[in-house]
Amino acid sequence: MQCTRVTASREQLLDPLTPEWSRIAAEPLKMAATPLANQPSEYIKASRDEKQIGKVRSLDVQAAHNGSDIFFRLTWEDATQDVQITDTTMFTDGCGILIPLHATAVGGADPPIDEMGSKDAPVNAWFWRADFKDVPRNTIAHGLGSTQFTERCAVRTKSAWGAGTWTVVFTRPLAVPDQQEETVQLAAGASVKIGFAVWEGSNGERAGVKSFSKEWRELVLDA
């Protein structure tokens with residue numbers, strides 16, 4: 001997956017509907033249901049049918065950077081705009097980006113993407129939810145059931161829904177040196193592993209119940 005270098009400003013590319021995005025290639029990703037066997041909740045394991053979760057099965061991703069900030073534009077079809085929790089089965093739509101917190105050593109194993117990393121290989125996730133009012137969350141995890149929000153979040157988002165489609169843009173400075181242990185550090189010319197997740201609120205999806213990209217992709221940032 002290519003992260004294209006552009007000259008556009010942060011404010012331009014933060015707009016999910018700006019024409020600037022038409023110049024950046026989109027990569028379609030196949031999404032799959034998160035395995036019920038990997039859910040930390042015994043209630044979820046007993047009450048859900050794996051065939052009925054992971055409703056979103058296709059996600060288009062665009063990636064760009066301008067030398068100082070990185071941008072991701074996520075687009076997926078969703079017939080319902082779910083922006084609030086209404087009862088025990090109706091939740092909010094959401095999406096997220098997952099990156100290993102630290103670079104994997106040559107010959108070393110990548111963190112397990114379907115288990116939110118491990119004790120020795122943590123992951124960093126940027127999380128947007130429709131009821132957050134475009135105030136995203138930064139999280140770190142060391143395995144199933146260990147996800148924690150950080151107090152500070154350098155990520156910004158802007159979202160739009162229309163004609164049965166969500167479009168969400170994430171942006172963040174490439175490097176956040178004062179959060180070395182809380183968020184991944186990026187750089188032009190480098191590459192990182194990356195994964196994605198989507199929650200369909202009308203399908204009762206929340207927490208570990210979601211669609212996700214089953215394998216890490218390599219994201220290459222143009223120099």
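## Strand β12 and its partners

Strand β12 and strand β14 (residues 217-221) run antiparallel, and 4 bridges join them. One pair shows the match: lysine 193 has glutamate 218 in β14 as its bridge partner. This is a predicted model.

β12 has other neighbours. Strand β6 (residues 94-100) is joined to β12 by 5 bridges, and these two strands run antiparallel. Here glycine 94 is paired with tryptophan 199 of β12. Strand β13 (residues 211-212) also pairs with β12 in the antiparallel sense, over 2 bridges. In that pairing, alanine 197 faces phenylalanine 212 of β13. How much of β12 is covered? The strand covers residues 191-199, and 7 of its 9 residues are buried.

## Strand β5, between β4 and β11

Strand β5 spans residues 69-77. Of its 9 residues, 8 are buried, so the rest of the structure largely encloses the strand.

Two strands pair with β5. Strand β4 (residues 58-65) does so in the antiparallel sense, with 6 bridges. Glutamine 62 sits opposite arginine 73 of β5. β4 and β5 make a hairpin, and 3 residues lie between them. Glycine 67 is in the turn and has a positive phi of about 95°. The other pairing is with β11: 9 bridges join it to β5, and the two run antiparallel. In this pairing, phenylalanine 71 is opposite threonine 171 of β11.

Strands also follow a general pattern. In a regular strand, side chains alternate between the two faces of the sheet.

## Threonine 167: a buried residue

Threonine 167 belongs to strand β11, which covers residues 165-173. Is threonine 167 buried or exposed? Its relative accessible area is 7%. Buried means under 20%, so threonine 167 counts as buried.

What does threonine 167 touch, leaving out residues up to four places away in sequence? Its contacts include Arg73, Leu74 and Thr75. Those three residues fall within the range of β5, residues 69-77. Threonine 167 also touches Pro16, Lys158, Ser159 and Ala160.

## Aspartate 15: a loop residue

Aspartate 15 lies in the loop between α1 (10-14) and β2 (27-30). Its relative accessible area is 28%. The partly exposed range runs between 20% and 50%, so aspartate 15 is partly exposed.

Leaving out residues up to four places away in sequence, aspartate 15 touches Trp21, Lys158 and Val169. Lys158 is also among the residues that threonine 167 touches. Now look back along the chain. Arginine 5 is 10 residues from aspartate 15, and their C-alpha atoms are separated by 17 Å.

## The whole chain

The chain has 14 strands and 2 helices. Its radius of gyration is 17 Å, close to the 17 Å given by the globule rule for 223 residues, so the chain is as compact as a globular protein of that length. The C-alpha trace spans about 50 × 45 × 30 Å along its principal axes.

How much of the chain is buried? Buried residues make up 48% of the 223. Consider the contacts with a separation of 6 or more: residues 24 or more positions apart account for 67% of them. The chain exposes about 10,800 Å², and carbon and sulfur atoms supply 50% of that area.

Charge comes last. The chain carries 29 negative and 23 positive side chains. The centres of these two sets lie 1 Å apart.

Definitions and conventions:
Residues are numbered from 1 along each chain as its sequence is written. This is a predicted model: local features need pLDDT of at least 70, side-chain atom pairs count only at pLDDT 80 or more; totals for chains, interfaces and linings use all residues. Side-chain values use heavy atoms; hydrogens and water are left out. The radius of gyration is taken over C-alpha atoms; the globule rule is 2.2 Å times the number of residues to the power 0.38. Buried means under 20% relative accessible area, exposed over 50%, partly exposed in between (1.4 Å probe, protein chains only). Contact means heavy atoms within 4.5 Å. Accessible areas come from the Shrake-Rupley method with a 1.4 Å probe; for residues, only the protein chains shown count as cover. Lys and Arg count as positive and Asp and Glu as negative; His and the chain ends are not counted. The place of a charge is taken as NZ of Lys, CZ of Arg, CG of Asp or CD of Glu. Two strands pair if DSSP finds at least two bridges between them.
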